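Visitor: I would like to learn how to read a model of this kind, feature by feature. Could we go through one together, starting where parts of a chain meet?

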Amino acid sequence: MDELLLRELTPAVIGVLARRGVDFATAEDAVQEALIQATETWPDQQPADPKGWLVTVAWRKFLDAHRSDASRRDREQRVAVEPPPGPTEAADDTLQLFFLCAHPSLSPASAVALTLRAVGGLTTRQIAQAYLVPDATMAQRISRAKRTVRDVRFSEPGDLATVLRVLYLIFNEGYTGDVDLAAEAIRLTRQLASMTDDPDDTETAGLLALMLLHHARRPARTRRDGSLVPLAEQDRSRWNTSLIAEGVAVLQTALARDRLGEFQAQAAIAALHADAPRAEETDWPQIVGWYDELLRLTESPVVALNRAVAIGEADGPAAGLAALAKVDPGVPRHTAASAYLHEKAGDIATAARLYADAARCAPNLAERHHLTRQAARISQALRG
Amino acid sequence: MAKYLLLKHYRGAPDAVNNVPMDQWTPQEIEDHVQYMNDFAARLETTGEYVDSQALSPEGTFARYDGEGRPPVTDGPFAETKDLIAGWMVIDVDTYERALELAGELSAAPGAGGNPIHEWLELRPFLSAPPTVTE
């Protein structure tokens with residue numbers, strides 16, 4: 001049985017019920033029950049019209065749960081008034097669902113959970129496992145999220161930027177458990193890109209390009225023991241060249257429309273890395289140029305830090321350290337960047353101390369191990 | 001969302017405000033204390049913030065390798081001066097401020113006289129998973 005098909009149909013079916021006047025939370029519950037029934041009966045016989053089957057069963061589940069005469073009369077009136085949805089309406093429904101699940105009244109974690117559930121079609125268990133919380137906790141998180149957006153009209157126009165932020169979050173959290181969240185984020189972003197026809201929107205394509213270009217590197221990013229390989233040391237022959245080609249093509253089409261945004265700028269940097277057959281051939285001056293654009297667009301201290309490191313590569317470590325001196329020292333990885341540039345500048349005693357300091361305040365184990373190894377490597381060289 | 005550990009200490013944390021040892025409470029006070037902890041966990045489950053909680057026996061030992069072919073060496077029972085963890089709760093919250101707020105709530109669990117203990121709880125952030133986008 002095609003689990004991916006079920007996930008792809010989920011938002012469209014919710015959308016059909018929503019157009020018939022069913023409130024979002026109730027529609028989502030009804031569709032969940034229909035999906036459960038599908039996983040039970042489809043392996044024996046998959047229906048010829050899977051979407052029609054899901055709509056019929058979800059509608060029946062809804063009726064079974066809401067049998068009062070008054071509401072039935074209301075429903076019958078609403079159904080009589082709504083024309084049956086054609087293919088374009090189905091796309092609009094899914095787009096509306098994206099907006100609803102990314103509504104600004106939701107916290108980022110709630111928006112992520114609700115999007116994965118209602119648009120992604122993942123089960124509560126799959127989402128719980130991906131975020132390492134118990135099933136019951138995630139179920140509650142999703143219920144609360146649905147209550148939070150209870151009063152938002154289904155057809156209320158939404159801000160694409162909020163949806164893109166949620167999809168970026170899903171992608172950046174990476175991949176744990178049975179569901180590959182990065183792949184899911186790409187699938188949802190592709191779906192979104194195919195549905196939006198806003199002529200002013202280039203950032204959806206920018207985000208898709210960014211995801212594809214980073215995803216392309218994943219085969220080279222982890223060793224067999226699970227530890228992370230820094231970009232400069234990755235075996236580039238393991239990078240997925242078709243994902244890179246697609247990412248570059250999507251990015252170039254977006255850039256040609258001359259409405260630069262932060263995702264396009266980030267994607268451009270990733271594309272320049274992807275373009276270098278070896279780390280030594282990286283076009284750092286162009287990368288610095290893109291960091292300048294990104295800084296102009298975001299004024300983010302994290303961007304300023306990454307820019308300083310890029311300047312260190314393009315113009316030498318002294319220039320990099322000078323740029324770093326202007327970055328807020330409280331930015332994460334500031335000490336690690338300083339350690340790296342000090343070593344390149346030849347001040348290895350300071351570099352060893354800074355790497356050890358950076359390891360202590362590393363936000364995750366992979367970075368801590370990497371930084372500890374650098375400190376040890378230099379200390380050994382100093383002793384030897 | 002970020003995960004935090006809330007650690008309860010039998011010993012080793014600074015003295016609580018309401019510092020009467022549990023064996024000097026009334027049975028009802030003990031029951032009320034346990035009920036408060038259970039209610040707290042249940043509430044966190046409904047807010048979607050609960051991950052785990054465990055209570056630890058006060059008995060235990062330190063253990064270490066003693067060389068090839070030899071059994072591990074133990075060093076116990078724990079010295080009276082040693083820091084001793086009583087148990088923990090793992091929460092998954094949006095902000096540090098929320099983690100702090102919840103630590104404060106848990107610290108208000110009732111003790112002797114039915115009054116809040118104002119127990120010192122240790123609050124520790126988990127190290128996270130590495131992000132996908134690194135440059």
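Guide: Let us begin with a contact between domains, bearing in mind that this is a predicted model. In chain A, 9 residues of domain 1 are in contact with 9 residues of domain 2. On the side of domain 1 of chain A that touches domain 2 of chain A, the residues divide into 6 nonpolar, 2 polar and 1 charged.

Visitor: Where do the domains of chain A begin and end?

Guide: Chain A is divided into domain 1, covering 198–279, domain 2, covering 283–323, and domain 3, covering 332–384. The C-alpha centres of domain 1 and domain 2 of chain A lie 18 Å apart.

Visitor: How many helices and strands are there in chain A, and what box do its C-alpha atoms fill?

Guide: Chain A has 20 helices and 0 strands, and its C-alpha atoms fill a box of roughly 85 × 45 × 35 Å along the principal axes. Of its 384 residues, 42% count as buried. Sequence separation adds another view: among contacts in chain A between residues at least 6 apart in sequence, 61% join residues at least 24 apart.

Visitor: How should I read a single helix, for instance helix 14 of chain A, and what span should its 14 residues have?

Guide: One compares the expected rise with the coordinates: at 1.5 Å a residue, the 14 residues of helix 14 of chain A (residues 262–275) should span 20 Å, and the end C-alpha atoms are 20 Å apart, which agrees. The surroundings come next, and here 12 of the 14 residues of helix 14 of chain A are buried, so this helix is largely enclosed by the rest of the structure. Among the buried residues are A:Phe263, A:Ile269 and A:His273.

Visitor: What covers the buried residues of helix 14 of chain A?

Guide: The cover includes helix 9 (160–172), helix 11 (203–216), helix 13 (241–256) and helix 15 (284–298) of chain A.

Visitor: Turning to chain B, in what order do the strands of the open sheet stand?

Guide: The 4 strands form an open sheet in the order 2-5-1-6, with antiparallel pairing. Strand 2 and strand 6 (122–125) of chain B stand at the edges with a single partner strand each, so one side of each is left without a neighbour in the sheet. Neighbouring strands of this sheet are turned by 20° against each other on average, direction ignored. Helix 2 of chain B (residues 96–107) packs on the sheet, where it touches strand 1, strand 5 and strand 6 of chain B, and its direction makes about 135° with that of strand 5.

Visitor: How many bridges join strand 1 of chain B to strand 5 of chain B, and how many join strand 2 to strand 5?

Guide: Strand 1 (residues 2–11) and strand 5 (residues 84–93) of chain B run antiparallel and are joined by 9 bridges, with B:Leu84 in strand 5 as the bridge partner of B:Arg11. Strand 2 (residues 50–55) and strand 5 of chain B, also antiparallel, are joined by 5 bridges. In this pairing B:Gly87 is the bridge partner of B:Ala55, and B:Ser53 stands opposite B:Met89. As a general guide, side chains in a regular strand alternate between the two faces of the sheet.

Visitor: Finally, how many residues of chain A are in contact with chain B?

Guide: Contacts link 25 residues of chain A with 17 residues of chain B. On the chain A side, the elements giving two or more residues are helix 8 (135–148), helix 9 and helix 20 (365–383), and the largest share, 6 residues, comes from helix 8. The residues of that side divide into 13 nonpolar, 8 polar and 4 charged.

Notes:
Residues numbered from 1 in each chain as written. Chains lettered and ligands numbered in written order. Predicted model: local features only at pLDDT ≥ 70, side-chain atom pairs only at ≥ 80, totals over all residues. Pairing = 2+ DSSP bridges. Expected span 1.5 Å × (residues − 1). Buried ≥ 20, exposed ≤ 12 C-beta atoms within 10 Å, placed from the backbone. Contact = placed C-beta atoms within 7 Å. Axes fitted to C-alpha atoms, helices over the stretch in contact; angles between N-to-C directions. Domains from an automatic or database assignment. Nonpolar A, V, L, I, M, F, W, Y, C, P; charged D, E, K, R; others polar.
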